[in-house]
Structure formats: C-alpha cells, structure tokens
Amino acid sequence: MENLVSLSIVAVYSAIGVYTVAFLMFTLDLAKRAGGVVERTHVPMAVSVGAGASEQAEPPERPELPRPDAEGVGGATRFQRAAFALTALGWALHLAAVLFRGIAAQRVPWVNLFEFGLVATAMGVGVFLLAQLWKDLRFLGAYITGFTVLSLGIVTVNYYVDVVPLAPALQSVWLVIHVLVASLATALFALGAGLSVVQLLRVRREARAVAGLRFLDTLPGSATLESMAYRINIVGFVLWTFTLIAGAIWAERSWGRYWGWDTKEVWTFIIWTLFAGYIHARATRGWRGDRSAWLAIIGFSAIIFNYTVVNTMFTGLHAYSGLVTNPN
Amino acid sequence: MEPLRPSDHHDSKRESITQPKLTVVGWVRFGWRQLTSMRTALVLLLLLAVAAIPGSLVPQRLADPNGVIRFKRNNPDLFPILDGLQLFDTYSSAWFSAIYLLLFVSLIGCVIPRTLHHWRALRAAPPATPARLNRLVGFTERQAQGELDDVLDQGERVLRRQGYRVVRYGNSLSAERGYVRETGNLVFHFSLILILIAVGFLGGFRYYGQRVIIEGQTFTNQLTSYDSFSPGRFFVESRLDPFSVRLDKFVPVYELNTSMGFPIPLDFTAEVTITEKGTERQEQIKVNQPVDIGGTTTYLLGNGFAPWITVRDADGTAVFSQPVPFLPQDSNLTSLGIIKVPDGLDQQVGLIGFFYPSAAQLESGALTSLFPEPDQPVVTLNAFVGDLGINDGVPRNVYALDTESLTQLTGGDSGEESIILGMGDSAQLPAGLGSVEFTSLPRFVSVEIHHDPTQAVVLVAALLALAGLLTSLFVPRRRLWVAASSREGIVDLQYAGLSRGDDPGLEAAVQQFAERLDKAISDRASSERPLR
Ligand code: HEM
C-alpha cells in the first residue's frame, strides 16, 4: 500500500511537470498567433450560433470580427498540437495518480482537501480534453493547464495528507456521488469561466479598446464564445443542482436534517443562486453579453473561494479538509 | 403562441417605456410590472446570494449556538451591534426574509400568467406561415418531383414522426415542437414555490430534540425526557409518538494512525431495543444510518463515557450513585464532567471531573489520554463546597458548575491535591465530608430525534425541479415551416425555422427535415413506380 501511495505522488509530480511543458507550449502558440494574424486572409463569417434570428430579425447584438478560417478557431499550430498531446499525456499520469491513491486507500480518493484538489483538477483537464470532440476549445489550453499546475502544486505542497480510513460520517454512497458530481460541475464551470474571460477580452478587442493581445483575433467571435460558455454552464448548473440535492439527502442521513445553513451549505446555495442569476441574465434584456459573462466569472470565483477559503478558514460541520487533527 | 415572457425578456418585443398614468391603478400596475420583470428577479436573486454571505462569516444560533456564545465572549463590544442587525440569525432575519419573500412574490406573479398562457398555447395551433421565409434561420430551397398535395402530406408525416404539431395553411406547413420546454420551466419555478410553502407551513409541525442515553438506560418519547427540545409553531405535545429506546450497548471501532499519532474512528454502532406499540425490536443506529421509529427518525450524533460515581457520607451511606456523562474534549476522549451532590452531606458538594480513558502522565505531571478506548481509565476530581444554586428554582445547566460562589477544596490553589481515581478506587473527600468512588464505566450516546413532515415534500419538489430544469434547458422549442409551390410536375419547396430560446441546433434541424422529406418523397416515388 505504501508503495502505491508513493507511486501516486510520483505520478502527481510527473503530471505537474508534463502539464507545465504543455502550458508553455500553449502560451507559445498564442504568441505565435499574435504574430501570424496579420498575414492571414480574412473571410467574413456570419453569426451562426445561438443568435436565433426572430421575426423581429434583430441584428446580431455584436457583429463578429473577421475570422481566419471558416473552420472555427484558426488552425492548430505545431505548438498547439504538441501542447495538446502533452496535456493528454499529463492527464494519463494524473488519472494514474488518482487511481493509485484510491486503490491504496481502498476507498474513493476524494475525502480531504488534497484529494478533492487532485480529483477536481483531473476532472477539469478531462472535461477540457473531451470538450474538443464538441468544439475546438484548444485555445483555452494555456488557461486550463496553467490553472491545473497551480492548483495541483498548491494542494500537493500545502495540503498533502496521508491516506487515512473514512470517518463514520463520510461512510456513505452519497459521498461518492455528491463529491464526484460537484467536481464535474466545477470542471464545467471552470471551462465556462475561461470562455467568458476570453469573451470579455474579445469584446474589447472587437471595439478596438485593447491594443495587444492580438491572438484574440484568431479566436471565435464574442457571440460564439458567449453561446459556448452558456451551453457549458447550463450543464454545470444542472450538475450543481444535483450536487445540492444529493448533499441535502446526505446531510439528512448524517446530521439529522437536510438543510441547516451550515457554512458549506450556505456557499453551495450562494453558488447555485449566482448561476441561476447568470441564466436569468442571459434571458434579460440589457444583461446578455458582458454582464452575464461577469456573473459566470463571479460564480466560478465563488466556487474557488468555497473550495479554498471556506474549507480551510471557516468553521462548520464539513471539517473534512483532513487538516484538523480532531476528526470528530 | 409564443411563451409568455416578462416584457424585459430579451426575446420579447421591445415596448416603449410608457410613463405610468398618474392614477392609483396606473401606479399599481406599473409597480407590479416592475416587480414581475426579469430584471427585478435577477437583482433579487443576486441580492439573495450576497445576503447569504454574512451568515457564513459569523456563527449562527441555529447551526452553532456555542459559537455564538464564544463570539459574544470574545467580542463583547461588537456583539450587540451585530446582534441588532440580526446577523446571528441571518436566515430568519427580517432583511433576508424580505429578499426571498419579494423574490417569491415576483416569481408567483411571473409564473401564474405564464401558466395560463401556456395552457392555452398547448391547445392552440402553430401560427400561420410567415410570408417570407428567407429571412428566417436555415432558409433552404429544394425541388421535388410530384404533386403538391402529396409532397405536403409527406412533409406532415415526417414532421409528426419527429414529434411536431403540424397545421397546413394553404400551400404551406407550419409545425412546432418542444412545448415541454415551457412546461419544464414552469414545473421548475413551481417546485421552488412548493419548497418554500412546505418549509414555511409544514415546517411548523416539525419537532426535534436531543437526549443523552447511557448504556442500560431507557429513553421514553415524552417532552420531559429530552435534554433539549425544539418544537415547530404548530407542535402539540400529544403528537409525540409513544415509544421508548433502550441503549443496550455502544460499540466504537478505532484504528491508531501510527504515522500521525491520532486515533481514527472507523465505526460507531449503538445497539438499541425499541419498544413501540407494545412490541420490542432490536436495532442498530450508526452514523449515516438512522432508524425510523413511529413518525420520527433517530440519529446517532455523539458518544462518550459516563463514569459511574458513588458519593458516600461519613457513615458510608451512598447519597449519590449514578453514571455521569462526561463530555468529550478531544479525539482521545479526554472528557469533562460535572457532579452535583445537593443533599445528604453536611454541605452541598460540586465536583468538576476530568476523565481519561487511556491515562498517561506528561512530563509536566499533567494527565492526558492516549487513546479513546478505556485501556487505563482514570477520573480526576476537584471538589467544591457551598451553595450550588439548585434550590432557588432556576433550572441550571447540568453540564456547568458556577464556581464563583463556591469554595474549592481540592486541586487548583486549594492546597490539596486533586482526587485521582482508577476504576474501582475510592478516596476520602476533604473536611471529613465523606468519600467518592469511581464505580464502573458505562458509555453513553447522544441521539437526535426528529419528526419532519417537510422532508418528503421537499425531496419530491427538488426532484421535480431538477426534471423541469433538464427539460427546460435541453429540449429545444422550435418551429419549422415548409412552403410549396408547383410548376409543371415539379414542386418548389422553401424551408425555414425559428427557435424560442437558446437553440444552437436549429439550422441543422431545418436541413435534416429537408433531407428527410426529400428521402420520403423519393422512397415513395420508387416504391410506386413498379405499380404503374
Ligand atoms: C426563486 C427564484 C428563481 C430561481 C432560482 C430561478 C431560476 C431559474 C432558472 C435556473 C432558469 C433556467 C431554467 C429554466 O428555463 O427553467 C430560469 C428561467 C426563467 N425564469 Fe427564473 N428563477 C427564479 C425566479 C424567477 C422570477 C421571479 C421570474 C419572473 C420575473 C423568472 C422568470 C424566468 C423566465 C422567464 C425564465 C426563462 C428564461 C429563458 O427564456 O431562457 N424566474 N429561472
């Protein structure tokens, strides 16, 4: 067992290393695009996604900038392809780390802060990789790998705890479901927030408000980015709703009430409400575009806050960081 | 019919903002429209999220009453200000309630007209085909061989097979599907209302209470048996289901984590005998595994040791003899207990005791516990004499001893050593008061007994909300049209679509329809040819 635990740690560090190289390559790719953008021929392209021309036939809210090619994101550079392959390799190592940890512990490997971090980032990279089957989002590679390296580094260095058996309060199928779905939702919100950030930058670029960041011109237009972010965030929202319900069911079994405004319950609720607000904003005149994008970013920031600050500094029944010495 | 939306929904027609007529009715109507607008709903939602934050920053009376007491002690100046702002009861505070009640008024004002409208829409035919399809999404032109009527009949069949409601207007078909999107949206919002009503109303019938049960003891479900009890607004005592629970045995399982040096609890099991309606049954209660008894659920919350303490007077007659639950202070179950002996001795005696299940001496001489199992059980006692304040009729916390007005006889600055007892040992109390004995060592559990009629309703509503959400977000509501005109045995077809709400697949759906119709027509043509 000890061997497996050390093997898992070796896999984590290897994954961090590989992701770091991938991050550098993704960044190089963006830089490269910034240079290449001028020479490309621009083919105008109409809004295709989500704008839903209606009888009133409103003009598209924001005209798209010319895009380098009709295929969507400006064709992959060599750097991007290599970076993507490395990300996949890093993910394989990452998955191995999760797997070894689980086998060594003989339980699901997501019961303390270190393990949440390990699993949630694996989820994030996994969702990023799989999302490519749906849309080419490789331009988010630098964001995803950068974020992953940072998070994995922090949880491994600062929050590492040894494998310990499950405390009675955690011995529940709901642990498996609740945490798994929560981290999947988090992964989706991470991707959504990334798209929203790019959207905001892109809008400013379209308005010629930002000089520099020329690579933005090679990315999909802001309306497309907004629509993609929305598609991803609503899946995240459904999963978060499920997380909330599963958490309540578990709380009833474990603490004798399904809802008691415990600190973590409060934050799960806040996050849920923020994203409900985001979905509403997307349907409210004057709130689409920038404002709803900010809401998605705030929502994801609340998740990060919940995961880091609330888990470590706030008191509550969810004292599962594994950092406290008193498991009661 | 379009789904009805508040006027500031991004999909609704932009209306010129009219100044309200300066009549009462005009203003009321204006106010109501503001309250039920998308913007108000959105702002209230965001406000609710922000308003929930303070409750996570300061302890709440509901979730953490001891935390509130601690906060008051540590911040005596700040406390009254925050308390005045109801920050220790955030989720029942006037301001938090105001936000969610306004939100729900807005919600009800929003969904009721929408429901009526949707009810009518469900029976209405799809709207007439627009005169010019080429301005709509996915506009496509095709040609087909055959009769115009035939082609449109085929088109109708193809559309119906895909779940569209179809009407023929002249030489065109108008089709719509995905009404369930709006149904789902309404189900979602109504489920939220249902949750609020269930908690607000049925919650009044809720009750819960805690009780410590020592091995061998029986708890009977009546008001006086509870250590603490919280009734809902509509609670009446006669509603307590008659049953009793005896704790036969409590079995914890621990593992010592050698690398980190602290014990890890693996399992807690309370073996109980339940008597209900005259029949007895054996059950196990575990963490995460409560038992249902009558209309209640009983949960295992905590556990510890209840050393049996016997106090005798100078003549050797027992004046106090019972197990005393000691409250655990750390993971090795170093526990704190209070013993009050008001009668039978020359003076009232109070004892503050520490219990160490696996006692060991630190270098400083102080005792500590190494493990939560009773490998080396030791009780230490500090004795106090004086007025325990029991007789003045004010109920006192059994887990606290107010030592201010008492005289300390052992431990501390009293000059006498604390009394230290291993199991079975006894020692003299100072001043010839008598003796005290650590007789035996039963365990106790603390259980919570809950009756909550909201649970089932809220669960069903939550699942309905989830189902409504799924349909509302992922079932596209879309319209398809095909307009036909014929010339010399060829039918010209124009296709287009329109979506209600976010629908990235619309263009593909129009194309797919056009292709399916093409195929249906040519299939039919080839199957008919041999007959001619
Ligand atoms: C308790 C507060 C509320 C919550 C948590 C909430 C949540 C949501 C969510 C998650 C959606 C997207 C899913 C769906 O379409 O069913 C939604 C849609 C919608 N909500 Fe609410 N809502 C609330 C209150 C309101 C109120 C007060 C109104 C009316 C003013 C409203 C009007 C709408 C409308 C019109 C849509 C459809 C948006 C679209 O066309 O895509 N909601 N709501």
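**Close-up views of a predicted two-chain model with a ligand**

**View 1. His10(B) and Arg288(A) meet across the two chains.** The side chains of His10(B) and Arg288(A) are joined by a polar contact of 3.5 Å. A polar contact is a pair of N or O atoms within 3.5 Å; within protein, one atom must be able to donate a hydrogen and the other to accept it, and residues adjacent in sequence count only if both atoms are side-chain atoms. His10(B) sits in the segment before α1 (24-35) of chain B. Helices (H or I, at least four residues) and strands (E, at least two) are DSSP runs, numbered from the N terminus. His10(B) is buried because its relative accessible area is 18%. Buried means under 20% relative accessible area, exposed means over 50%, and partly exposed lies in between (1.4 Å probe, protein chains only).

The model is predicted, and local features need pLDDT of at least 70, side-chain atom pairs count only at pLDDT 80 or more, and totals for chains, interfaces and linings use all residues. Residues are numbered from 1 along each chain as its sequence is written, chains are lettered from A and ligands numbered from 1 in the order in which they are written, and side-chain values use heavy atoms, with hydrogens and water left out.

**View 2. The ligand lies between chains A and B.** Around the ligand there are 26 residues, of which His280(A), His9(B), Cys110(B), His189(B) and Ser472(B) come nearest. A residue is near a molecule or strand if one of its heavy atoms lies within 4 Å of it. The shell around the ligand divides into 16 nonpolar, eight polar and two charged residues. In this division, Ala, Val, Leu, Ile, Met, Phe, Trp, Tyr, Cys and Pro count as nonpolar, Asp, Glu, Lys and Arg as charged, and the others, Gly among them, as polar. At least two residues of the shell come from each of α7 (263-282) of chain A and α2 (38-52), α6, α8 (179-201) and α9 (454-474) of chain B. The most is given by α6(B), with six residues.

**View 3. Polar side-chain atoms of chain B lie beside the ligand.** For Asn185(B), a polar side-chain atom lies 2.7 Å from an oxygen atom of the ligand. For His189(B), the partner is a nitrogen atom of the ligand, at 2.8 Å. A polar side-chain atom of Arg5(B) lies 3.4 Å from an oxygen atom of the ligand.

**View 4. A salt bridge links helices α6 and α8 of chain B.** Arg114(B) and Glu182(B) form a salt bridge, with their closest N and O atoms 3.4 Å apart. The two residues belong to distant parts of the chain, Arg114(B) in helix α6 and Glu182(B) in helix α8, 68 residues apart. A salt bridge is a side-chain nitrogen of Lys or Arg within 4 Å of a carboxyl oxygen of Asp or Glu. Arg114(B) counts as buried because its relative accessible area is 5%. Glu182(B), at 2% relative accessibility, is also buried.

**View 5. Two further salt bridges, one in each chain.** In chain A, the side chains of Arg138(A) and Asp136(A) meet at 3.0 Å, N to O. Arg138(A) is buried, at 18% relative accessible area, whereas Asp136(A) is partly exposed, at 26%. In chain B, the side chains of Asp492(B) and Arg487(B) meet at 2.7 Å, N to O. Arg487(B) is partly exposed because its relative accessibility is 39%. Salt bridges that share partners also join Glu2(B), Glu176(B), Arg477(B), Arg479(B) and Arg500(B) into one network. Over all chains, the whole structure has 35 salt bridges.

**View 6. A nonpolar patch lies on the surface of chain B.** Ile108(B), Ile112(B), Leu116(B) and Phe190(B) make this patch of about 330 Å². Patches are made of residues with over 30% relative accessible area and no salt bridge; like charges are joined within 9 Å, and nonpolar side chains (Val, Leu, Ile, Met, Phe, Trp, Tyr) within 5 Å. Accessible areas come from the Shrake-Rupley method with a 1.4 Å probe, and for residues only the protein chains shown count as cover. Helix α6 (residues 94-123) of chain B gives the most to the patch, with three residues. Ile112(B) is in this helix and is partly exposed, with a relative accessible area of 41%.

**View 7. Tyr91(B) sits in a loop of chain B.** The loop runs between α5 (78-84) and α6. Tyr91(B) counts as buried, at 10% relative accessibility. Tyr91(B) and Pro54(B) are 37 residues apart in sequence and 9.7 Å apart in space, C-alpha to C-alpha.
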